[in-house]
Structures are given as C-alpha cells and as structure tokens.
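Let's take a walk through this structure together, from its cysteines to its cores, a pocket and one helix. Keep the model open beside you as you read.

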Amino acid sequence: MLYNYSFANRKRDLSDVMATVIKDEPRFISNFRTAPDAASAKHEYLEDLLTGRSVSAGAVSNGLLTLAGADAAKLKVGTLLALKDDPALFRVTQVNADSAAVEIAAINGSEYSTVSALPAEGGKFIIVSTPMSEGTSNGDGEENYRLSEVEWNATQIFRKEIVLSGTSLAVNLYGNADNQLNRQTAFALADLARDLNRVALFGRRVEAAANTRGEAGGLYFFGTRPGVPVIDAAKAKLDSFIINDAAQMVLGEGGDPMQILCSPGQARVISNEYRDRIQILRSDDRRGAYVAVIVNEINGKGMTIMADPDMPDGDAWLLDTNCFALANLSGRAISDMDATPNGFDGIRRVAIGELTFEFKNVKQRCCRIKNLLASSDAIAALRSA
C-alpha cells in the first residue's frame with residue numbers, strides 16, 4: 001500500500017452511522033425502523049394481528065350479507081354490526097366462508113326495522129363489538145383462532161466505492177487521509193440512502209438463485225397486490241375528501257393513518273387547501289420530509305405530509321408507518337473495508353452490505369390514491385381561481 005491511514009486493513013461497521021443517515025434523510029426511507037437481523041436471504045417475518053373494524057357487503061338478501069372471505073373472517077357468531085351512517089344494530093347469527101347471516105338487535109330509531117329492509121346492494125357495516133359469554137375459553141366460545149400470517153422479502157446486496165487518488169491526498173484540502181476518507185464515506189452513505197429510498201418504493205421481490213441476483217421488494221410491489229385498499233381519483237385534484245376517504249379505509253382495516261406520502265408538487269396542492277390549518281412543527285429545522293401536520297378529520301389525529309421527490313406525481317399514499325422496518329442479513333450489515341490493489345495510486349475502500357425491507361400488514365396499513373390530476377395542472381387552476 002502506497003498510502004497509510006489509521007484504519008487501513010480494518011473492517012468498520014457502519015450500520016449505526018447508516019441508521020442515522022436513513023433517519024435524517026428527508027424521504028420515504030426515513031420511515032423504516034431497524035428490525036432484528038434477517039436469518040437468510042429469504043427473510044420471513046410474522047405480520048401483526050390487526051383486525052379490521054368494518055366489512056363490506058356486496059349484496060344483502062333477507063339478512064344474508066355477501067362478503068369477501070377476508071371480511072367474513074372478521075366476524076363471529078354474536079358480533080354486533082351497524083350499517084354505516086345508520087343507528088340500527090344487527091347481530092351475526094351465522095358465519096360462512098363468503099357470507100354472514102344477521103338479525104335485528106336494536107332498531108335505535110332507524111328506518112331499518114327488519115333485516116328485509118336493508119338495501120339489496122349492500123354497503124359498509126362497521127363492527128361494533130363482540131359481546132363475551134361467561135366462562136368462555138377462547139374469547140367467544142367459537143372454535144376459530146386466527147394466527148399471524150407469514151410474509152417474506154428477499155435481501156439485496158448494496159455496494160459503494162470510496163476512492164481517493166494520490167493527487168487528492170497530496171493536495172490535503174480537507175486535512176489528513178483519515179478525514180478525507182471519512183468525508184467521502186459520508187457522501188457514499190448519503191448516496192446509498194437515496195438508493196435504498198428508491199428500492200423501498202419501486203423494488204421488486206426476487207429471491208436469489210444460482211444465476212439470479214436477489215432483489216428486495218418495495219412499497220409498490222407489496223402495495224399494489226390484490227386486497228390492498230386503493231382509490232382511483234379519476235384525474236381529480238388531491239384534496240381533503242380523497243385523503244379522508246383513504247384514511248377511513250385504513251382505519252376500517254385496523255390501521256392508524258399517520259402519513260400522506262406524495263410528490264413535492266402534490267404536497268403543494270394539499271398544503272394550499274389546508275393553509276389555514278397546517279401545523280408546522282417548531283422542532284422541524286428541515287423541510288422536505290416532514291413538511292407539516294394536518295388533522296385527520298376521521299379520528300382527529302395528526303397526519304404528516306411527506307414530500308418525496310422520488311414519488312410519481314400521479315400517486316399519493318395514506319400510510320400507517322408501523323408497517324415499515326429494515327432488516328440487515330445477519331453479519332452483513334453495511335460496513336467498509338480496504339480494497340486497495342497493489343500499486344494503486346491512492347486509497348480505495350468499499351462499503352458493502354446486504355439487507356431487506358419488512359412491509360407488515362400492507363392490506364391494513366396502506367392505501368394507494370392513484371390517477372391524480374397532475375400537480376402542475378392543479379396548481380395552475382389554483383392560481384387562476
């Protein structure tokens with residue numbers, strides 16, 4: 001080696017530094033908390049037990065609700081339901097794989113005095129509660145238990161080169177070799193964080209094989225599968241009505257809507273509507289990731305606007321950020337090591353690691369809003385109004 005420095009031939013663990021860089025990065029990737037290490041390149045993890053608080057009936061015939069299998073699984077004999085925006089109370093008397101029978105439990109001043117009066121086209125029913133009997137052994141006396149589902153993602157290898165030429169070292173512009181290498185390492189990790197952000201958004205899940213490189217799936221891979229809530233805006237402007245519809249869908253599935261993920265242009269559109277109600281956090285000294293907090297009109301909690309430059313302008317997402325975590329492959333967290341070949345005129349180090357992303361309960365915690373009016377058109381309309 002032609003040039004010496006204090007940590008030559010030493011492997012440095014950069015995982016803590018990388019975690020700090022990710023946390024401070026004003027993009028979607030900052031949502032990802034650190035999860036326990038992955039045990040293999042096919043990282044399997046248990047999803048949380050979230051129970052949706054509503055069901056959608058495709059049709060109703062004499063008290064028999066036609067349901068999707070996932071909705072039918074939310075119900076038990078004795079569960080009490082109420083049709084959205086109506087006070088009548090109904091009790092579930094029978095649960096099948098794709099339907100449930102109900103009886104009237106309390107009219108409560110409603111126009112629906114019998115089950116035969118329910119609208120034939122169905123609608124959304126909110127789950128009120130499931131009253132318990134005395135001495136039950138499994139919650140309600142019915143022999144149906146729900147277990148955590150297993151989801152998986154593939155690990156992906158990331159690599160960044162850190163190179164200082166002999167000329168750069170001789171110029172000594174930023175101090176000694178140690179300082180110059182640490183400076184370049186910081187730039188490499190910031191670049192890696194941006195790569196991770198794009199993989200976390202657009203990556204596809206590919207399990208590594210003999211001639212196949214492992215790739216980690218991202219939000220669009222997991223969030224556009226069947227069963228994940230979605231709203232087609234049909235070229236409408238992003239506004240509080242669409243946002244609260246999405247928030248209601250997430251709440252109905254058992255999630256807690258915390259964040260609106262969108263492009264900077266769409267953030268300007270929604271911020272204009274909420275301009276007199278936006279709460280700018282005084283502790284925020286950065287702009288871009290945490291622009292502002294607006295109040296969710298469904299449950300009164302705050303929702304953060306995250307403006308990510310990598311987000312497609314025609315999309316927005318309503319997110320429960322408990323969905324996201326980042327897991328390093330065991331023993332393969334981001335680290336750097338010397339890779340200077342003999343006779344090389346300078347110093348070369350390589351930062352390398354293998355990791356993946358966890359997306360827990362996407363069907364309960366994420367709602368995509370697609371086909372939005374372009375933010376440039378929406379802003380032009382606002383200016384001319």
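Start with Cys-262, which counts as buried because its relative accessibility is 0%; buried here means under 20% relative accessible area, with exposed over 50% and partly exposed in between (1.4 Å probe, protein chains only). Before going further, please note that this is a predicted model, in which local features need pLDDT of at least 70 and side-chain atom pairs count only at pLDDT 80 or more, while totals for chains, interfaces and linings use all residues. Residues are numbered from 1 along each chain as its sequence is written, and side-chain values use heavy atoms, leaving out hydrogens and water.

Cys-366 is also buried, at 0% relative accessibility. Why does Cys-366 not bond to Cys-323? The sulfur of Cys-323 is the closest cysteine sulfur to that of Cys-366, but at 4.0 Å it is too far for a bond. Across the whole structure, a search finds zero disulfides (pairs of cysteine sulfur atoms within 2.5 Å).

Now for the interior. The largest nonpolar core holds 44 residues, and Phe-28, Leu-219, Phe-357 and Phe-359 have the most contacts inside it. Such a core is a set of buried Ala, Val, Leu, Ile, Met, Phe, Trp, Tyr and Cys residues joined through side-chain atoms within 4.5 Å. Among the elements giving two or more residues to this core are helix H1 (15-24), helix H4 (177-202) and strand S19 (346-359); helices (H or I, at least four residues) and strands (E, at least two) are DSSP runs numbered from the N terminus. H4 gives the most, with 10 residues.

Look closer at Phe-359: leaving aside residues up to four places away in sequence, its contacts (heavy atoms within 4.5 Å) include Phe-32, Tyr-45, Leu-219, Phe-222 and Cys-323. Apart from this core lies another, of 22 residues, among them Ile-231, Leu-238, Ile-294 and Ile-305.

H1 turns up again at the lining of the second largest pocket, where H1 gives the most, with six residues. That lining has 16 residues, and Ser-15, Ala-19, Thr-34, Leu-326 and Asn-328 lie nearest the pocket's centre. Strand S2 (33-34) and S17 each supply at least two residues of the lining as well.

Finally, visit helix H7 (residues 264-273), where Gly-265, Gln-266, Ala-267, Val-269, Ile-270 and Ser-271 are buried. Their cover includes helix H6 (240-252), strand S13 (259-262), strand S15 (302-307) and helix H9 (375-384).

Conventions
1 Å grid on protein atoms, 1.4 Å probe; cavity = no way out; pocket = protein on both sides within 12 Å on 5 of 7 lines; lining within 4 Å.
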